[in-house]
Amino acid sequence: MYTFSIKPAERAVISMLDLQGREINYLRVSITDKCNLRCRYCMPEGVDLLPMSDLLTLEEIRAVCRQASLLGIDRIKITGGEPLVRRGVIELVAMLRELPGIRQITMTTNGVLLPKYLPDLILAGLDGINISLDTLDREKYIRITGRDHLNQVMEGLELALASGIRVKMNSVLMKGTNDREWLDLISMARNKKMDVRIIEMMPIGFGKAYESVSNRDLLLLMKEHFPDIREDNRIHGNGPAVYYQIPGWMGSIGLISPVHGKFCDSCNRIRMSAIGDLKPCLCYAPVANIRDLLRSRGEEAVAEILKKVISEKPEAHCFSKVEGITEEKQMISIGG
Ligand code: SAM
Ligand code: SF4
C-alpha cells in the first residue's frame, strides 16, 4: 500500500505503509557474517562462514538501498556480523550518504576496530554508533566474547564520545554471567552523554541456550535503586526501546524487551542479511532473497520484492512463544 505524505522538509515523498498501517522507513543491512569476536550467544567458536561470493557486493548493497530509498526508507543501520571487518565499509558509508533519500546512516558495532576507523567513518558521513558491550570486567569479557579486546572497545567508546557523534551502548544480560552487573552497565550513562540500552536475550540461534533476563524484573530493581527514576518520552532514535531517566544522569536507560514486552505496533523496520535475504520481522524466516534476482534482472526488479516484503510484514513477533519462531539461522547471519 502506498501513500503520499509531506515530510517536514516540505518535500513530497513516497512513504510506504504496511498492511497494519505502520510506516516502514528503516532498513537494517547486514554487510558480513564475519566477526572478530566469538560471543557465545551469537557466534561461538566453530561456526561456518559463508564464502565471499555469497555476499552482496558493496555496489549491490547500494543498489538495494537506492531502491529502498525510492520507496520511503530514509534511515539505514549497517550491521553484521561485525561491520568493521568488511573491507570497503568506509566507502560504503560514503556511497549510502550520497543517496538523496537517505537522511540517517548509523552502525552497530562491537567497537573493537573503532579506534582505527572512527575518524574515517565520521568523515564518510556516519550519523551515529551503537556499541555492543555486555560487561566492563576484562575476565568476563574474555569469557563472553572469547577475545581479550575490552581495552580497544573502551578506547573506541571514549573516542566516539569525544568526537561528538551520537553514541549508544547496547548490553544483553545473561542469567548467571553478567546479570548482576546491570548497575555498573547502566551507570555508564551517569557521566557520559550516551544512552545505555539493555536488550533481552532473544531465543534465536545460539541465544536459545540462554535464559532471558526479564526487563520487567530489571525495571523493578532500577526503581528500588533509584526511586525517582522516570519514563523519558523524548525520541531517542528509531528503535523499540522504552527510555528512563535518572535525575542528574547525562544519558538515559533504554529497555528493549522483545521477550517480555511487545513493541510491534510501532515497528518501522525491515532487514536484509549479508546474502540478500529480506526479513520483515526478526523472528520469522526470510520472505525473499534479492541477490540472484539483482544479478539476473538488475536493480529495477528489486523494488517489487521490497514492496512484497513490506506488505507481508507480520503483525507481531512471537518471541514469547518459541514454537512460533520460524527463523532457524544464527544471529550472525541474520544481522542483529
Ligand atoms: N557485531 C556487531 C555488534 O556486536 O554490535 C553487530 C552485530 S550483533 C549480531 C548486533 C547485536 O545483536 C549485538 O548487540 C548483540 O549483542 C545482539 N545479539 C546477538 N544475538 C542476540 C540474541 N540472541 N538476543 C539478543 N541480542 C542479540
Ligand atoms: Fe560478533 Fe556482534 Fe555477534 Fe558478538 S554479537 S559475535 S560481536 S556479531
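How far is an oxygen atom of ligand 1 from an N or O atom in the side chain of Tyr41? In this predicted model, the distance between that oxygen atom of ligand 1 and the N or O atom in the side chain of Tyr41 is 2.7 Å.

**The surroundings of ligand 1**

Tyr41 is one of 18 residues that surround ligand 1, and it is listed among the closest of them together with Gly81, Thr108, Ser132 and Met202. Ser132, which belongs to that closest group, also places a polar side-chain atom 2.5 Å from an oxygen atom of ligand 1. A nitrogen atom of the ligand takes part as well, lying 3.1 Å from an N or O atom in the side chain of Glu82. Of the 550 Å² of accessible area that ligand 1 has on its own, the protein covers 94%. When the residues of the shell around the ligand are divided by character, 9 are polar, 7 are nonpolar and 2 are charged.

**How the helices pack**

Two packed helices are described by the angle between their axes and by the distance between those axes. The table gives both values for three pairs, which involve helix H1 (residues 58-70), helix H2 (residues 89-97) and helix H3 (residues 114-124), and helix H9 (residues 300-311).

| Helix pair | Angle between axes | Distance between axes |
|---|---|---|
| H2 and H3 | about 15° | 8 Å |
| H1 and H2 | about 25° | 10 Å |
| H1 and H9 | about 60° | 9 Å |

Angles under 35 degrees count as roughly parallel, and H2 and H3, which pack at an angle of about 15°, are therefore roughly parallel to each other. In this arrangement H2 passes H3 in a right-handed crossing.

H2 also packs against H1, at an angle of about 25° and with the two axes 10 Å apart, so that H1 and H2 are likewise described as roughly parallel to each other. Here H1 passes H2 in a right-handed crossing.

What is the relation between H1 and H9, roughly parallel or oblique? With an angle of about 60° between H1 and H9 and a distance of 9 Å between their axes, these two helices are oblique to each other. The crossing in which H1 passes H9 is right-handed.

Notes. Residues are numbered from 1 along each chain as its sequence is written. Chains are lettered from A and ligands numbered from 1 in the order in which they are written. This is a predicted model: local features need pLDDT of at least 70, side-chain atom pairs count only at pLDDT 80 or more; totals for chains, interfaces and linings use all residues. Side-chain values use heavy atoms; hydrogens and water are left out. A residue is near a molecule or strand if one of its heavy atoms lies within 4 Å of it. A polar contact is a pair of N or O atoms within 3.5 Å; within protein, one must be able to donate a hydrogen and the other to accept it, and residues adjacent in sequence count only if both atoms are side-chain atoms. Accessible areas come from the Shrake-Rupley method with a 1.4 Å probe; for residues, only the protein chains shown count as cover. Ala, Val, Leu, Ile, Met, Phe, Trp, Tyr, Cys and Pro count as nonpolar, Asp, Glu, Lys and Arg as charged, and the others, Gly among them, as polar. Axes are lines fitted to C-alpha atoms, for helices over the stretch in contact, and angles run from 0 to 180 degrees between N-to-C directions. Helices (H or I, at least four residues) and strands (E, at least two) are DSSP runs, numbered from the N terminus. Angles under 35 degrees count as roughly parallel, over 145 as roughly antiparallel, 65 to 115 as roughly perpendicular and the rest as oblique. A crossing is left-handed if the near helix is turned anticlockwise from the far one by less than a right angle, and right-handed if clockwise.
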